[in-house]
Structures are given as C-alpha cells and as structure tokens.
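Biologist: I should like to go through this model term by term. Please set each value against its definition before you conclude.

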Amino acid sequence: MKNLGNISHVSSKGRIIVRSTRTPQLGAPVFTSEGRMIGKVHDIFGPTRNPYISVKPVRAIKPEKFENRAGETLYVGIKNVKKWGRRKRRRK
C-alpha cells in the first residue's frame with residue numbers, strides 16, 4: 001500500500017476528502033493505517049501537484065465517523081486492471 005494523503009474533511013454528500021501528493025487510479029481501494037478498507041477513489045480534483053481526492057465510503061462505513069479524524073493518513077492499494085478482448089492462441 002502507498003501513502004495517499006491526509007483527511008481534510010467530510011463533504012455534504014458523505015464523501016471523505018483527502019489532500020494528496022499523488023494521483024491514484026479511479027476506483028482504487030483506500031485503507032486506514034490499520035489496514036481496514038474504508039472506500040474507493042471516486043473523484044480527483046484541484047491542482048495537479050497537490051490534488052484533492054474524493055473517497056466514496058463502503059456501505060459498512062459511516063462518513064460521520066471521519067469528521068473528527070481530520071489529519072489522519074490514508075493509504076491506497078493497487079487496482080487490478082482487467083484486459084478485455086480475446087486471448088491470443090499459441091501457434092504450434
């Protein structure tokens with residue numbers, strides 16, 4: 001897991017807003033320091049060097065729990081990318 005950034009605040013729509021120094025993939029899983037998955041990257045906005053990341057929490061997580069956890073570090077996992085299309089056949 002890689003360091004994503006620090007929690008800034010919780011938006012009015014229930015998204016956790018994180019200030020980051022990197023740009024993760026959309027849909028990448030987001031974890032706490034204990035290794036618990038809290039959601040996925042939903043949107044990236046703001047300046048290129050220090051973007052804001054919007055994290056959509058999973059159903060089991062209530063965003064209200066993160067309102068008083070501002071400044072906590074979150075981590076991002078690697079998203080598995082599926083390659084679509086036919087598989088090439090091996091020639092004999």
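Biologist: How do you know that E2 and strand E5 pair, and in which sense?

Modeller: Two strands pair if DSSP finds at least two bridges between them. For E2 and strand E5 (residues 52-57) there are four bridges, in the antiparallel sense, so the definition of pairing is met. One position to look at is Arg19, which stands opposite Tyr52 in E5. The model is a predicted one, in which local features need pLDDT of at least 70 and side-chain atom pairs count only at pLDDT 80 or more, while totals for chains, interfaces and linings use all residues. Residues are numbered from 1 along each chain as its sequence is written, and side-chain values use heavy atoms, with hydrogens and water left out.

Biologist: What makes a stretch a strand, and how many strands are in the protein?

Modeller: Helices (H or I, at least four residues) and strands (E, at least two) are DSSP runs, numbered from the N terminus. The protein has six strands and zero helices, and its elements therefore read β-β-β-β-β-β from the N terminus on.

Biologist: What do the strands close into, and in what order?

Modeller: The six strands close into a barrel, and the order is E1-E2-E5-E4-E3-E6, with antiparallel pairing. On average, neighbouring strands of this sheet are turned by 45 degrees against each other, direction ignored. Axes here are lines fitted to C-alpha atoms, for helices over the stretch in contact, and angles run from 0 to 180 degrees between N-to-C directions.

Biologist: Which pairings involve E1?

Modeller: Strand E1 (residues 2-10) pairs with E2 in the antiparallel sense over five bridges, and His9 has Ile17 as its bridge partner in E2. These two strands form a hairpin with five residues between them, and Gly14 in the turn has a positive phi of about 90 degrees. E1 is also joined to E6 by four bridges, again antiparallel; there, Gly5 stands opposite Leu74.

Biologist: How many bridges pair strand E3 with E6?

Modeller: Strand E3 (residues 29-31) and E6 have two bridges, in the antiparallel sense, so the minimum for pairing is met. Phe31 has Tyr75 as its bridge partner in E6.

Biologist: Why is strand E2 described as largely enclosed by the rest of the structure?

Modeller: Buried means under 20% relative accessible area, exposed over 50%, and partly exposed in between (1.4 Å probe, protein chains only). Four of the five residues of strand E2 (residues 16-20) are buried, so the strand is largely enclosed by the rest of the structure. In the protein, buried residues make up 33% of the 92 residues.

Biologist: Why does Ser20 count as buried, and what is its side chain's polar partner at Leu4?

Modeller: Ser20 lies in strand E2. Its relative accessibility is 1%, so Ser20 counts as buried. A polar atom of its side chain lies 2.5 Å from the backbone oxygen of Leu4, and one lies 2.9 Å from the backbone oxygen of Arg22. A polar contact is a pair of N or O atoms within 3.5 Å; within protein, one must be able to donate a hydrogen and the other to accept it, and residues adjacent in sequence count only if both atoms are side-chain atoms. Contact means heavy atoms within 4.5 Å; leaving aside its neighbours within four places in sequence, Ser20 is in contact with residues including Arg49, Asn50, Pro51 and Ile53.

Biologist: Which side chains of E6 are buried, and which are not?

Modeller: The side chains alternate along E6: Leu74 and Val76 point to one face and are buried, whereas Thr73 and Tyr75 point to the other and are not.

Biologist: What makes the pair of Glu72 and Arg69 a salt bridge?

Modeller: A salt bridge is a side-chain nitrogen of Lys or Arg within 4 Å of a carboxyl oxygen of Asp or Glu. For Glu72 and Arg69 the closest N and O atoms are 2.7 Å apart, so the pair qualifies. A search of the whole structure finds one salt bridge. Side chains of opposite charge can pair when their charged atoms come close.

Biologist: Is each partner buried or partly exposed?

Modeller: Glu72, in the loop between E5 and strand E6 (73-76), has a relative accessible area of 18% and is therefore buried. Arg69 has 29%, so Arg69 is partly exposed. Leaving aside its neighbours within four places in sequence, Glu72 is in contact with Gly5, Asn6, Ile7 and Thr32.
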